[in-house]
Amino acid sequence: MRSLLLVAADSDPGLDQVSATGADIVVVDIATADPRLAPALRRHAAALGEAGRGALRLFVRINPLSSGLAEGDLDSVMPWHPHGIVLPAATGGGDVTRLSALLRPREAMAGIEDGATAAIAMAGDTAAGLFGLGSYRRASARLLALGWDRARLLDALGVGSPHDTP
């Protein structure tokens, strides 16, 4: 995996445009700070997922496990068989283990082989996530990669925007 393209679920770039980027993985982002937006984002993601099935390697960035929205996100996206899930604000390997446990029955209900859905844990989005880096080693065989979002980490640390630092 060399590159990921993050696409907001409520945008409509078109599959031709997304495919033309050459990104190895397309991440459909349904995470939101406003729970009222979750249903619409899930519908948009499902439409993109159904249209792109087979043509793109699609992952979905769900809401953090602590948000109360993650399980609903998984319920809505697993029927269209995404290749993987991006888990934001992961605080340690326990979050990946929990995600794996949430995926297992949803894979079964969607007719997906057990363990086939990969996971990317955004382990560097928070200070707690940084301290938990050593716990990912044996969290789950699904774990494909760890990632971080510089802007989110700076915000979590109260440092400011990435444009404020050299």
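Where is the place of Ala 89? Ala 89 sits in the loop between β4 and α4. The model that shows this is a predicted one. Ala 89 is not a glycine, yet its phi is positive, at about 55°. With a relative accessibility of 25%, Ala 89 counts as partly exposed.

**Overall layout**

The protein contains six helices and six strands. Read from the N terminus, its elements follow the order β-α-β-α-β-α-β-α-β-α-β-α. The protein has 166 residues, and 42% of them count as buried. Taking contacts in the protein between residues at least 6 apart in sequence, 66% join residues at least 24 apart.

Two pairs of residues can be used to look at separation along the chain and in space. Val 26 and His 83 are 57 residues apart in sequence, and their C-alpha atoms are 9.8 Å apart in space. Val 26 belongs to strand β2, and its relative accessibility of 2% makes Val 26 buried. In the other pair, Ala 156 and Asp 125 are 31 residues apart along the chain, with 7.4 Å between their C-alpha atoms. Ala 156 is part of helix α6 and, at 48% relative accessibility, counts as partly exposed. Leaving out residues up to four places away in sequence, Ala 156 touches Asp 125 and Thr 126.

**The nonpolar cores**

In soluble globular proteins, nonpolar side chains tend to be buried together. In this model, the largest nonpolar core has 31 residues. The residues with the most contacts inside this core are Val 28, Ile 30, Val 60, Ile 62, Leu 74, Ile 85 and Leu 99. Both helices and strands take part: two or more residues each come from β2 (25-29), α2 (38-52), β3 (58-61), α3 (70-77), β4 (84-87), α4 (93-110) and β5 (118-122). The greatest contribution to this core is that of α4, with four residues.

What is Ile 62 in contact with, leaving aside its neighbours within four places in sequence? The list consists of Ile 30, Ala 31, Ala 70, Asp 73, Leu 74, Ile 85, Val 86, Leu 87, Pro 88 and Leu 99. Apart from the largest core lies another one, of eight residues, including Val 86, Ile 120, Met 122 and Ala 145.

**One side of a helix**

Helix α3 has Ala 70, Asp 73, Leu 74 and Val 77 among its residues, and these four are buried. They lie on the same side of α3, because they cover an arc of only 95° around the axis. An α-helix has 3.6 residues a turn, so residues three or four places apart point the same way. Ala 70, Asp 73 and Leu 74 of this buried group also appear among the contacts of Ile 62.

**The largest pocket**

Rolling a probe the size of a water molecule over the atoms shows where empty space is left. The largest pocket holds about 200 Å³ of space. Its lining is made up of Leu 4, Leu 5, Leu 6, Val 27, Asp 29, Arg 61, Val 86, Met 122, Asp 125, Trp 148, Asp 149 and Arg 152. Two or more of the lining residues come from each of β1 (4-8) and β2. The largest share is that of β1, with three residues.

How many residues of the lining of the largest pocket are nonpolar, polar and charged? Seven are nonpolar, none is polar and five are charged. Val 86 and Met 122, which line this pocket, are also members of the eight-residue core. Asp 125, another lining residue, is touched by Ala 156.

**Partly exposed residues outside the helices and strands**

His 81 lies in the loop between α3 and β4. Its phi is near 60°, a positive value in a residue other than glycine. Gly 160 is found in the segment after α6 (150-157). Apart from its neighbours within four places in sequence, Gly 160 is in contact with Leu 154 and Asp 155. The table gives the relative accessible area of these residues together with that of Ala 89.

| Residue | Relative accessible area |
|---|---|
| Gly 160 | 28%, partly exposed |
| His 81 | 31%, partly exposed |
| Ala 89 | 25%, partly exposed |

Key. Residues are numbered from 1 along each chain as its sequence is written. This is a predicted model: local features need pLDDT of at least 70, side-chain atom pairs count only at pLDDT 80 or more; totals for chains, interfaces and linings use all residues. Side-chain values use heavy atoms; hydrogens and water are left out. A nonpolar core is a set of buried Ala, Val, Leu, Ile, Met, Phe, Trp, Tyr and Cys residues joined through side-chain atoms within 4.5 Å. Buried means under 20% relative accessible area, exposed over 50%, partly exposed in between (1.4 Å probe, protein chains only). Contact means heavy atoms within 4.5 Å. The arc is that of the directions from the helix axis to the C-beta atoms. On a 1 Å grid over the protein atoms alone, a cavity is a set of points where a 1.4 Å probe fits but cannot get out, and a pocket is an open set with protein on both sides within 12 Å along at least five of seven lines; lining residues have an atom within 4 Å of a point. Grid points are joined across faces, edges and corners, and a volume is the space filled by probe spheres set on the points. Ala, Val, Leu, Ile, Met, Phe, Trp, Tyr, Cys and Pro count as nonpolar, Asp, Glu, Lys and Arg as charged, and the others, Gly among them, as polar.
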